[in-house]
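Subject: Structure handover

Hello,

Here is the structure for you to look at. My notes follow below it.

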Amino acid sequence: MPGSIRNRVAILGMGCTRFGERWDASASDLIVDAAYQAFNDAGIGPEEIQAAWVGTSTGSTGMTISEPLRLQYIPVTRVENACATASDAFRNACYAVAAGIYDIVLAIGVDKFKDSGISGLGDGGTPGPSHSMVAESTPPRSFAMLATTYFAKYGLTFEEGKHMIGRVSWKSHENGMRNKNAHFQGKVTMEQILNAPMVAWPLGLFDCCGVSDGCAAAIITTPEIAKARKKDPVFVKALQIAMAPRDGSYNQNFDFLHVEATVRAAEAAYKEAGITNPREQISMAEVHDCFSITEAVTMEDLRFSPRGKVRDDIESGFFDLDGKLPVQVDGGLKCFGHPIGASGLRMLYEMYLQLQGRADELLNPGFPSRQLKNPKLGLTHNLGGAPDGCAIFVGIVGLEGA
Amino acid sequence: MAGIISFGAYIPYYRLPLSVIGQMWGQPGGRGEKAVAGSDEDPVTMSVAAGLDCLKGIDPKTIEALFMATTCAPYRERQSANIVAGALDIPRAARNTDFNNCLRAGTSAMLSALDAVKAGSLNTVLVTAADMRLGGAAGGDEMNFGDGSAALLFGKDKVAVEIEDSYTLSDDLADYWRDSEDKFVRHWEDRFGREQGYLKIPKEAVDGLLKKAKVSKGDINKVCLYGPNARVQGTLAKQMGFKPELVQDPLLGAVGDAGTALPLMILVGALEEAKPGDRILLVSYGNGSCAMLLRVTEEIKNIQERRGIKKHLEIKKILNSYGRYLRWRGMVSLAPAARPPAGAASMSAQWREHETALPLYGVKCRKCGTPQLYLSQSSTRAHICLQCLSRDDFEPYRFADKQGTVRSFSHDFLAGGIDPPATAAVIDFDGGGRGQFLMVDREPDECKVGMRVEMTFRQLRYTLGAYTYFWKCKPVRD
């Protein structure tokens, strides 16, 4: 019988760099920036870190961080789980504290993509010699299949479907505009979104997030230490990973309308956190909006919207900043940015700031407040891979009593 | 008795009107069109396509040899016939051979197949012939050359077409040639080739055949006469004394000069309309000439309906872009792709799994009966059933011969490639099982969830001087 992480660990401090095309910064620069933000926020020095987990899709070994941070012979584990990388580094760090092995640990996620010379990621195939009889796919192509099937199943015309997913991106841009650390801070109109060039039909340019450079970090500790050192620490309520058997393209049970691994991870997380009605109980969420359709389908998989009905919630503004359940409060992958190995901790960072009432620390000058009113529980979700086969993380954090 | 027991053909989907070429170069392009292989097709893939057509209703495991003819083999050293045989699911214990370097290679392969069956050393031999010679831009060959393939199955039971006799002249007459580095065919003066070559030698071969077989021209019901273009082919037929109605359509206005495949394609066209008792004269040309006398038997009536020449001529899309053609043939310097290069194919990994990957085998679970594919970047071998999770309790199950229905798809403009967008589709196979494949020979606008597709063997990538072939899907068009 699996145990529960609920309230067994707390976050002592967090940090996150500005995401974007960081032509000015190396991975090492980003790591030092995020780590020292977290150290300062926690009120500790690096010498208090007893162990660390680093998530990165491009680095290698724990020396990814021990070298730039000059960590002195502590254990460091490198974690890789595609877009769920940072969240999984956080999860492993939490378990080590919950197990009583360490008091204070670091989880950090980083990726530096913009030195690669290309837009987006590679073809997604294994580099180097491989069997290579399978065509390489691109991420937009894999996720576009969800949209094709969703439109067909629910009888949406191309225009209706495009508007629905376009509205998802429009909302994220509205949120990203207010965030001074977001990759994309420009205002976009629905007209721009709907008329943008196709990337992978039916997904156009604004249906796709870019890739970014960035780093985010968290210091995790025991509830006792957290309460002793912090006024209102954020507690971990649930940490779940569900790994799909990657059979969606081979198993006829997979419907290309939902992502089963998200459903599994979410239900396990709700059970772990004692949540029965997520649409009512979750205050806010940062989900994996690598593509607009991914976010739309995820709203149904998380039971935020009834199956087949997400369009109503999207179009009515249910997930907007002033809606009932704000999603992508910081702009999401779409606008805050997506350095694969850092994204999960970036999401957590937004939940952490909102729960502590500190969201306006990142407010773009001249914009109205980003701070939500009295959030209690925040959910983060990552999808690593493609709809037909993915690593899913669902985590829930909240204030002590929530 | 030995002879042809089945036949099939293939003509690529795309047809380039000669007027489009003419327009490009400010010349009259003339009437007609030429068949153009897609950007991922070559003589290997076209041989597989014709082979699939020919083997409709026939168990490929009964084939004992594959003879493949082409002058455009993808490799100078690596046997094309083995790739074709693998894709067609012909057993490993087969005596495969390539016939190359001459436009008579197709008819040479036919005679070798016939002799092997006659001699009793082989029971069934599949002959395929495919060509796609490249004409240099703005030259005459660009107008004349077309792409296509044919397949003939030789055996000794239920022979539908008997080969009564043959007569071959082998001449080192170099009216055209390509050395091992040449991309395009070189010609000696046209009039030399016409007068000393094409208009002379086939006539000598036919005269020799008729004399040898003691048959008169009046006994011939159909003449299948290869020609490099319609005008000169018509001249030769006339000079030989055959009435126009006896001369089978040489496909030169619809396909073009498909090289070593053309005589066999013309023959397949004739067989589609042949009646028992018909006598057919087949004539090839190239460094000499080969003439064959064929007689159609009652068995022709029992040959299953197939696409052959007639239906493939109808299944077509006019290619109105000369630029797209140049791009497919690698004749134009493209802007460098802003994408990382594809990972190199691994010869050891491909060999390890050639028995499943090449003929597109998945498995069927013995416990729960679920047919399933396993196509990961690192393996095509399933071990654990995706339905009932039992381990290694499977029987082989072939998907290449199944049609399917599109479950989802996308047109990928990011992936690049020679002919963007790349269309990928998830298809559910008739009888169960699913796979994700690239879709070719499709118009983006026609793609819909629920559309019907079939499998087609194509080039997937080219790395380290080697082609990786794999299956893609295409719309069913009949």
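Is helix α3(A) mostly covered or mostly open? It is mostly covered: eleven of the 14 residues of α3(A) are buried. Please keep in mind that this is a predicted model.

**Helix α3(A)**

This helix covers residues 85-98 of chain A. The buried set opens with T85(A), A86(A), S87(A), D88(A), A89(A), F90(A) and R91(A). It continues with A93(A), C94(A), A96(A) and V97(A). The length of α3(A) checks out too. At 1.5 Å a residue, its 14 residues should span 20 Å, and the end C-alpha atoms are 20 Å apart, so the two agree. Just after α3(A) comes G100(A), with a positive phi of about 85 degrees.

**Helix α10(A) and its partners**

Helix α10(A) runs over residues 292-301. I looked at its packing against α4(A) and α5(A).

Take α4(A), residues 139-153, to begin with. Its axis and that of α10(A) come within 8 Å and cross at roughly 60 degrees. That falls outside the 65 to 115 range for roughly perpendicular, and α4(A) and α10(A) are therefore oblique to each other. Their crossing is left-handed. On the α4(A) side, the contact uses F143(A), L146(A), A147(A) and Y150(A). They meet I293(A), T294(A) and V297(A) of α10(A). By class, this contact has six nonpolar residues, one polar and no charged.

Now α5(A), residues 158-176. It packs on α10(A) at an angle of about 95 degrees, with the axes 8 Å apart. That makes α5(A) roughly perpendicular to α10(A). From α5(A) come M164(A), I165(A), G166(A), V168(A) and S169(A). From α10(A) come S292(A), I293(A), E295(A) and A296(A). The classes here are five nonpolar, three polar and one charged.

I293(A) is worth a click. It meets α4(A), and it is also part of the contact with α5(A).

**Chain A against chain B**

How many residues does each chain bring to the contact? Chain A gives 37 residues and chain B gives 44. On the side of chain A that touches chain B, the elements giving two or more residues are α4 and β5 (198-201). The largest share of that side, seven residues, comes from α4(A). By class, the chain A side divides into 17 nonpolar, 16 polar and four charged residues.

So α4(A) appears twice in these notes: it packs with α10(A), and it gives the largest share of the chain A side facing chain B.

Best wishes

Technical notes. Residues are numbered from 1 along each chain as its sequence is written. Chains are lettered from A and ligands numbered from 1 in the order in which they are written. This is a predicted model: local features need pLDDT of at least 70, side-chain atom pairs count only at pLDDT 80 or more; totals for chains, interfaces and linings use all residues. Axes are lines fitted to C-alpha atoms, for helices over the stretch in contact, and angles run from 0 to 180 degrees between N-to-C directions. Helices (H or I, at least four residues) and strands (E, at least two) are DSSP runs, numbered from the N terminus. Angles under 35 degrees count as roughly parallel, over 145 as roughly antiparallel, 65 to 115 as roughly perpendicular and the rest as oblique. A crossing is left-handed if the near helix is turned anticlockwise from the far one by less than a right angle, and right-handed if clockwise. Two residues are in contact if their C-beta atoms, placed from the backbone, lie within 7 Å. Ala, Val, Leu, Ile, Met, Phe, Trp, Tyr, Cys and Pro count as nonpolar, Asp, Glu, Lys and Arg as charged, and the others, Gly among them, as polar. The expected span of a helix is 1.5 Å times one less than its number of residues. A residue is buried if 20 or more other C-beta atoms lie within 10 Å of its own, exposed if 12 or fewer, and partly exposed in between; C-beta atoms are placed from the backbone.
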